[in-house]
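Visitor: I am new to this structure. Please take me to a single part and look at it closely, then show me what lies around it.

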Amino acid sequence: MITQARAPQPVRIGALVPLTRPGWVEAGRHLLAGLELAVGEVNDAGGIGGRPLELMVRDTAADPRRAEAAVDELAQLGVAAVAGEYHSVVARAAAARADALKLPFLCSSAVLDALTEEPTEWVARLSPPQSHGWRVYADFLLDAGHSRVAVATEPSVYWASGVRILRDHLAPRGGTVVELDARALAPAAVCDALVDHRATALLLLVGFPEPAVSIVRSVRRDQRLAETMIGAPAGQPEFAEWATSLGGDSAAIPFLRYLPGRLGPLGARVATALRERLSEAPSFVAFEGYDTITVLADVLRSHGTDRARIAASWPHVAVEGTRGQIRFSRTPGISVWQWARTPVQVVDRDPAEPGRFRIRHAG
């Protein structure tokens, strides 16, 4: 009697991705493209000890409670680890749940410093903490001569944290930060407030497409504000949807991007593959997705699929990613294992060619 060999059981990884509104769907699409590309390459190379890697994708829709439920479900389904998420507030909820369940979580894109309330061994992160990236952005503002800065804000732990970082970094250097409540002020009133406060820069700490699009258009059309710089440190202008929504007004709005000045051979190869998969230039978020799986695959090959062993491996990771060698360490003030050398740039879209990015500052 001939018995048919059973196919090896897959190694499952849970993936948290915003794929529907009010999540940033384009960011989610890029993150998922990077995750899936890397999973395909791992499997083409033989998987994890002959076992295929399987991605179990869950849409968070930018909802923290939905993310918590997804982590619960994925843990019960036996995933070795959870990965992904773009929105910081959502990632924080997922990280807390993963920590409680003792489930390894490698966060791809969220930057909020306090990803967990207490230090944890179960969570690691690829993106830089907000305090680092936004200080780089504050240095860019000062170097460009902007010491009177206004921020249009909406209620959010993430936006409030950003305002605090900017204020703390600018104040000792003679800078000031004025908050404008984007819920209470119409775009025209935002323009009036910029004039009243003599602000030379307006930072958009608000949702996209609204009210961000309406504010940009109002400022661009107000002759009193012809010399006022608009910025979006959270990275909204990275995505094609920004350029599509704003046309020529999308350019010259500096934002944070987590890429090196020049990609190495791996990064260049992955960029080409991502462009083919996305039918557009990949964002830094797509590279974060790819690097996430690259790290997890290395950990799984070296340490196996036991959750405790995966979590114990974070300080031993030394993996070549698309944006440099990835190592995790304990960073003062950060509660999770952190890649401390994530490249940080301030870039904008070139007014002469909005599809091209200009590097304005590097940190």
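Visitor: Is Ser279 buried or exposed, and what is its relative accessible area?

Guide: Ser279 is exposed, because its relative accessible area is 68%, and the cut-off for exposed is over 50%. A caution before going on: this is a predicted model. The mean pLDDT of the protein is 96. A level of 70 or more is reached by 99% of the residues. Confidence has its low point in helix α8, residues 240-246, with a mean of 94. Its high point is strand β4, residues 105-107, at 99.

Back to Ser279. This residue sits in the loop between α9 and α10 (284-303). Its backbone is worth a look. Most residues other than glycine have a negative phi, and most peptide bonds are trans. Ser279 is not a glycine, yet its phi is positive, about 60°.

Now look at the second largest pocket. It holds about 550 Å³ of space. Its lining counts 26 residues. Nearest the centre are Arg257, Arg275, Ala281, Pro282 and Phe357. Five elements each give at least two residues to this lining: α1 (25-44), α8, α9 (265-278), β15 (345-350) and β16 (353-362). The most comes from β16, with four residues. By class, the lining splits into 12 nonpolar, six polar and eight charged residues.

Take the strands of that lining next. β15 is mostly covered, with six of its six residues buried. β15 and β16 make a hairpin, with two residues between them. They pair in the antiparallel sense, over six bridges. One bridge joins Gln345 to Ala362 in β16. β15 also pairs with strand β10, residues 255-257. That pairing is antiparallel too, over three bridges. There, Phe255 stands opposite Val347 in β15. In a regular strand the side chains alternate between the two faces of the sheet.

The helix α1 also contributes to this lining. It has 20 residues. From first C-alpha to last it reaches 28 Å, close to the 28 Å expected at 1.5 Å a residue. After α1 comes Gly46, with a positive phi near 110°.

Move on to the largest pocket. Its volume is about 670 Å³. It is lined by 28 residues, and the closest to its centre are Tyr86, His87, Ser156, Tyr158 and Trp159. Two helices, α3 (88-101) and α5 (157-170), each supply at least two residues of the lining. The largest share comes from α3, with three residues. The classes here are 19 nonpolar, seven polar and two charged.

Follow the chain past α3. In the loop between α3 and β4 lies Lys102. Lys102 is not a glycine, but its phi is positive, about 55°. Then comes the sheet that holds β4. Strands of a sheet pair through backbone hydrogen bonds, either parallel or antiparallel. This sheet is open and has seven strands, in the order β2-β1-β3-β4-β5-β14-β13. Its pairing is mixed. The edges are β2 (53-59) and β13 (328-329), each with a single partner strand, so one side of each has no neighbour in the sheet. Further in, strand β3, residues 81-84, pairs with β4 in the parallel sense over three bridges. Val82 stands opposite Phe105 in β4.

One last stop: two unusual peptide bonds. Look at the loop between β8 (201-205) and α7 (212-221), where Pro209 is placed. The bond from Phe208 to Pro209 is cis, with omega near 10°. Pro211 is found in the loop between β8 and α7 as well. A cis peptide bond joins Glu210 and Pro211, with omega about 10°.

To return to the start: Ser279 is an exposed residue, in the loop between α9 and α10, with a positive phi.

Terms used
Residues numbered from 1 in each chain as written. Predicted model: local features only at pLDDT ≥ 70, side-chain atom pairs only at ≥ 80, totals over all residues. Heavy atoms only, no water. pLDDT = per-residue confidence, 0-100. 1 Å grid on protein atoms, 1.4 Å probe; cavity = no way out; pocket = protein on both sides within 12 Å on 5 of 7 lines; lining within 4 Å. Points joined across faces, edges and corners; volume = space filled by probe spheres on them. Nonpolar A, V, L, I, M, F, W, Y, C, P; charged D, E, K, R; others polar. Expected span 1.5 Å × (residues − 1). Buried < 20%, exposed > 50% of the residue type's maximum accessible area, 1.4 Å probe, protein only. Pairing = 2+ DSSP bridges.
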